[in-house]
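Colleague: I'm new to reading models like this one. Could you pick one small part, take a close look at it, and then show me how the rest fits around it?

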Amino acid sequence: MSEILKLFKAQASKVAGDLRHRSLIQTALGKYETQRDRRKAAFQSWEEARQVAAETKWEAMRSLDEHLVSFVNKLEARGTRVHWASNGVQARDIILGVIRAKKARCVIKSKAMTAEEIHLNEAMEKEGYEVVESDLGEFIVQLRKEAPYHIVFPAMHLTRDEISDLFHRELGSAQTSDPEELTMIARRALRKKYIAADIGITGANFAIAETGMISITENEGNARLTAALPKTMITLLGIEKVLPRMADLALFLPMLATAGAGQPITCYNSLYGGPRRPGEPDGPEEYHVVLLDNRRTELLADAEQRDALHCIRCGACLNVCPIYRNVGGHTYGTTYSGPIGSVITPHLRGLQDWKHLSAASSLCGACTETCPVKINLHHHLLHNRRNAAAQNPNWIEKTAFRVFGTVMNSLALYRVVRAAARCLQPLHGLVKGGPFDPARAWTKTRELAPVAPKTFREQWKERA
Amino acid sequence: MTERENILGRIREALKTPAPRPGGHAGQDHDSLTASSPARTAAVHAREWLPPVPETAEGQLALFAAHSADLKTDFRTLPDADAFASALRDLAAQLGWKRVASHNGDLTFRATEGLDLPILRVDAGYDVNEMEDCDAGVTECDALVAQTGSVVLTSRSAGGRALSVLPPHHVVLARLSQLVRDLPAAFALLQAKYSYDYPSFMTFITGPSRTGDIERILVLGAHGPKKLTILCADH
Amino acid sequence: MKVTLFIPCFVDLCFPRVGMSMVTILERLGHQVTFHEDVICCGQPAFNSGFWEETRVVARKVLQRLESSEAVVIASGSCGAMMKVFYPEIFDHAPEAPAARALAAKCFEFSEFLVNRLGVTDLGARFPAKVTFHDGCHGLRELGAKKPARALLSRVKDLTLVEMKDAETCCGFGGTFAAKFPMISTAMGEVKCLSAEETGADYIVSNDSSCLMHVQGLLDRQGKKVKTIHLAEILASA
């Protein structure tokens with residue numbers, strides 16, 4: 001068993017049995033579900049909207065090269081510096097290069113999963129820059145020195161009391177159990193940072209090919225401040241974020257909000273097309289856009305799973321996933337957790353190291369059902385399992401399934417197995433649930449259904 | 001080769017194999033899956049599936065007002081643009097404003113001139129610490145959206161990027177004629193108005209700043225304004 | 001109509017009453033029931049583990065033996081999904097593709113067959129108990145069969161159906177998943193059992209014996225009072 005898998009199993013066992021965690025997540029997501037269902041019902045047809053959204057992203061991917069060229073040309077025409085990065089190292093070097101050239105000291109960041117993906121914060125901190133996350137949830141997990149728990153709700157796993165303790169310890173604030181007061185503590189702490197920051201770094205929700213603009217969706221206003229006050233602004237985004245036309249947002253913005261947070265539309269949906277223009281009173285003097293591949297083109301080359309690049313990072317599949325809800329976001333050990341993470345991580349970071357995430361699923365399909373852009377998520381878990389087995393089969397398993405195939409194709413062999421099961425069943429009681437039980441994985445927590453005195457086949461035969 | 005060429009090359013290579021149309025499933029009839037017929041796109045079809053909007057102007061205004069109430073936006077209609085000044089004076093007195101930031105728009109200039117307060121005019125540039133001291137930012141906008149209760153504004157129409165997000169109270173001065181029915185109409189308006197030369201920043205503001213990051217409990221005024229007031233003048 | 005029953009291996013071995021109840025019901029409705037003794041398994045365990053070639057070996061035999069059937073009724077939503085949805089996929093572009101699509105077109109999960117194909121909801125059954133229904137994921141999402149089971153239950157005399165919270169949430173079985181990741185599977189099952197218990201129901205009903213096997217296994221270990229029962233057993237009772 002690989003170290004990554006061992007860690008996953010250990011962490012999963014710990015969290016899955018943690019009743020406090022279970023109830024915290026169920027309460028948080030229960031609220032989300034009620035709001036989401038109400039918002040979905042407001043659409044004339046949510047199902048049709050999903051299909052149209054899926055086809056729009058399909059179209060975007062089908063001519064991704066042309067869309068990117070258009071996007072970049074438009075941005076550059078308005079004075080934006082566009083950089084292309086094939087991998088995380090290149091993207092980090094580009095961003096560090098900009099920061100160095102500006103002789104900056106303090107960087108303010110708004111939420112960007114791509115930055116997590118390339119471990120940008122660590123790289124900047126190593127060079128001695130002060131990096132502050134401005135999204136409240138991200139700010140909280142940054143103070144705790146841990147990764148976001150969820151791609152949309154980074155601090156969902158924490159109670160207000162834990163956050164109060166954290167703020168008391170790290171910021172010296174007075175203890176409070178009022179979420180509003182806690183929010184105000186963060187607001188006050190971060191206000192100074194926005195004003196002092198030399199560089200603002202953001203992610204992007206969409207890249208509009210037609211007009212050369214970045215679309216950023218947020219509730220708090222932290223991304224808007226990040227894009228308004230520092231002299232230099234940098235946006236890091238994956239190449240798959242493309243939408244062909246600005247007007248496509250008319251559907252995508254409400255769908256993202258509905259699926260992601262159960263809101264009709266998010267509080268701020270902003271479009272950024274370049275640095276401050278002549279006649280505008282503020283905004284960055286320099287704007288850099290960094291386009292990141294980081295093996296997305298490998299996923300693009302897999303036509304069967306290409307639709308995984310349609311993902312708009314709404315987090316809806318995490319919210320409904322019973323695996324995610326029971327093991328929690330950190331157990332995955334990946335930037336992107338939940339069903340979408342299980343699907344794409346093997347492509348982004350290696351199939352053999354991350355195939356267990358595709359195996360750790362009951363294939364219930366709740367993810368696929370909820371996905372606003374209709375990614376065939378749970379079927380892709382099956383595709384990953386197939387690809388992993390084909391590339392590097394576990395020989396014990398492969399042999400077992402060969403034997404299984406032979407038995408299931410032969411009534412005579414099947415009868416032998418049935419007889420054996422009957423004989424061994426009484427003996428099973430001696431070892432049941434213990435360390436010598438071959439069925440221990442099942443019987444440790446569950447009773448095994450007994451073989452019936454007369455099987456269906458036997459009863460059917462008696463009728464004839 | 002540059003990284004741009006490398007990445008575009010990999011994309012072109014990958015796209016040599018077409019992907020099936022979404023919504024289908026492998027093993028189904030292939031013609032329907034890989035049909036080269038154009039996709040149904042959001043830009044064209046959004047209106048058919050988005051939440052419905054009444055046809056009449058009164059219905060749209062009522063919907064905007066209902067959304068505002070839900071969102072905790074303070075939405076008020078005024079008889080005409082002359083009423084902006086007194087409405088602002090009332091707000092200033094009621095909330096004890098000491099300083100206000102604004103830009104030189106047709107509506108904002110006249111309305112703020114009557115305030116007996118120091119006004120930070122941002123148009124020719126400003127000191128961010130001074131704006132941080134202001135109790136409110138007063139701006140104009142490009143449109144109001146009935147479907148969502150949103151205010152659409154840009155760095156050109158509303159005094160840049162920070163004026164509408166840095167002060168703790170954002171006050172929008174709008175005309176009833178700026179109310180559009182839905183999001184597709186709002187994007188069409190932006191396109192018609194600016195496509196010759198887009199401002200560097202455009203935004204849809206829907207309610208005051210908010211967060212649910214602590215136990216999914218709604219808190220207003222996370223980083224942006226805690227209060228959003230929309231004063232909307234009939235002709 | 002001539003109806004061919006597909007009885008999955010675990011139903012044959014552990015839950016023969018479910019299969020026999022289906023025979024009783026279909027015959028009561030005047031249909032001729034046939035059963036191929038040598039069609040044992042749909043191959044799903046191998047498929048779910050990624051061994052598609054080993055799956056095809058089993059599936060080929062199923063395709064061949066059921067080729068001439070008029071309608072195939074499957075005693076589990078999960079095996080139903082395998083035959084209806086995944087056979088066409090594993091034989092995509094293969095010589096067996098037409099046969100796989102033809103079989104898919106005439107396969108029905110049991111409750112779906114009664115309601116959607118035969119148009120029957122009232123089977124004259126009586127079952128004096130309070131029950132809650134668990135939607136097996138494959139039947140629900142791969143086959144889109146949510147309404148048939150409830151339509152059938154609504155016509156059972158003296159039966160009260162109470163919906164549990166998150167009726168559509170997975171019970172955590174997931175085939176080999178239950179053995180590979182028992183800690184996650186068990187946690188999911190516990191959540192399911194708790195939701196069912198909260199309704200105060202005497203029985204958890206489902207149209208998928210695999211889910212019930214998992215849930216019953218947990219209930220038995222925890223010494224819980226609530227029992228599981230397959231929909232067909234209720235419909236066959238008078």
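Modeller: Let's start with Lys72(B), which sits in the loop of chain B that joins helix H4 (57-71) to strand E1 (74-78). Those labels are DSSP runs numbered from the N terminus: a helix is H or I over at least four residues, a strand is E over at least two. Before going on, note that this is a predicted model, where local features need pLDDT of at least 70, side-chain atom pairs count only at pLDDT 80 or more, and totals for chains, interfaces and linings use all residues, while side-chain values use heavy atoms and leave out hydrogens and water. Residues are numbered from 1 along each chain as its sequence is written, with chains lettered from A and ligands numbered from 1 in the order in which they are written.

Back to our loop. The backbone of Lys72(B) has a phi near 65°, a positive value in a residue that is not glycine. Is Lys72(B) buried or exposed? It is exposed, with a relative accessible area of 52%. The cut-offs here are under 20% for buried and over 50% for exposed, with partly exposed in between (1.4 Å probe, protein chains only).

Now zoom out to the chain around that loop. Chain B has 8 helices and 12 strands. Its radius of gyration is 22 Å, well over the 18 Å that the globule rule gives for 235 residues, so chain B is more spread out than a compact globule. That radius is taken over C-alpha atoms, and the rule is 2.2 Å times the number of residues to the power 0.38. The C-alpha trace of chain B spans about 70 × 50 × 45 Å along its principal axes. Of the 235 residues in chain B, 57% are buried. If you take contacts (heavy atoms within 4.5 Å) with a separation of 6 or more in chain B, 68% of them join residues 24 or more positions apart. The accessible surface of chain B is about 9400 Å², and 52% of it belongs to carbon and sulfur atoms; such areas come from the Shrake-Rupley method with a 1.4 Å probe, and for residues only the protein chains shown count as cover.

Chain A has a lysine worth putting beside our first one. Lys374(A) is not a glycine either, and has a positive phi of about 55°. You'll find Lys374(A) in the loop between helix H18 (366-370) and helix H19 (377-391) of chain A. Lys374(A) is partly exposed, at 22% relative accessible area.

For the inside of chain A, try Ala91(A), in helix H5 (residues 88-101). Ala91(A) counts as buried because its relative accessibility is 0%. Leaving out residues up to four places away in sequence, Ala91(A) touches Ala85(A), Ile118(A), Leu236(A), Val290(A) and Leu292(A). Ser215(A), in strand E6 (residues 213-218), is buried too, at 1%. With that sequence limit again, the residues that Ser215(A) touches include Phe206(A), Leu249(A) and Leu253(A). Chain A as a whole comes to 23 helices and 10 strands, and 65% of its 464 residues are buried.

Chain C comes next, with 13 helices and 8 strands. The radius of gyration of chain C is 17 Å, close to the 18 Å from the globule rule for 238 residues, so chain C is as compact as a globular protein of that length. Buried residues make up 68% of those 238.

Last, the cysteines. A search of the whole structure finds 0 disulfides over all chains, a disulfide being two cysteine sulfur atoms within 2.5 Å. Cys364(A) is in no disulfide, and its nearest cysteine sulfur, in Cys137(C), is 4.6 Å away. Cys364(A) is buried at 8%. In chain C, the sulfur of Cys171(C) lies 4.3 Å from the closest cysteine sulfur, that of Cys211(C), which is too far for a bond. Cys171(C) is buried as well, with a relative accessible area of 2%.
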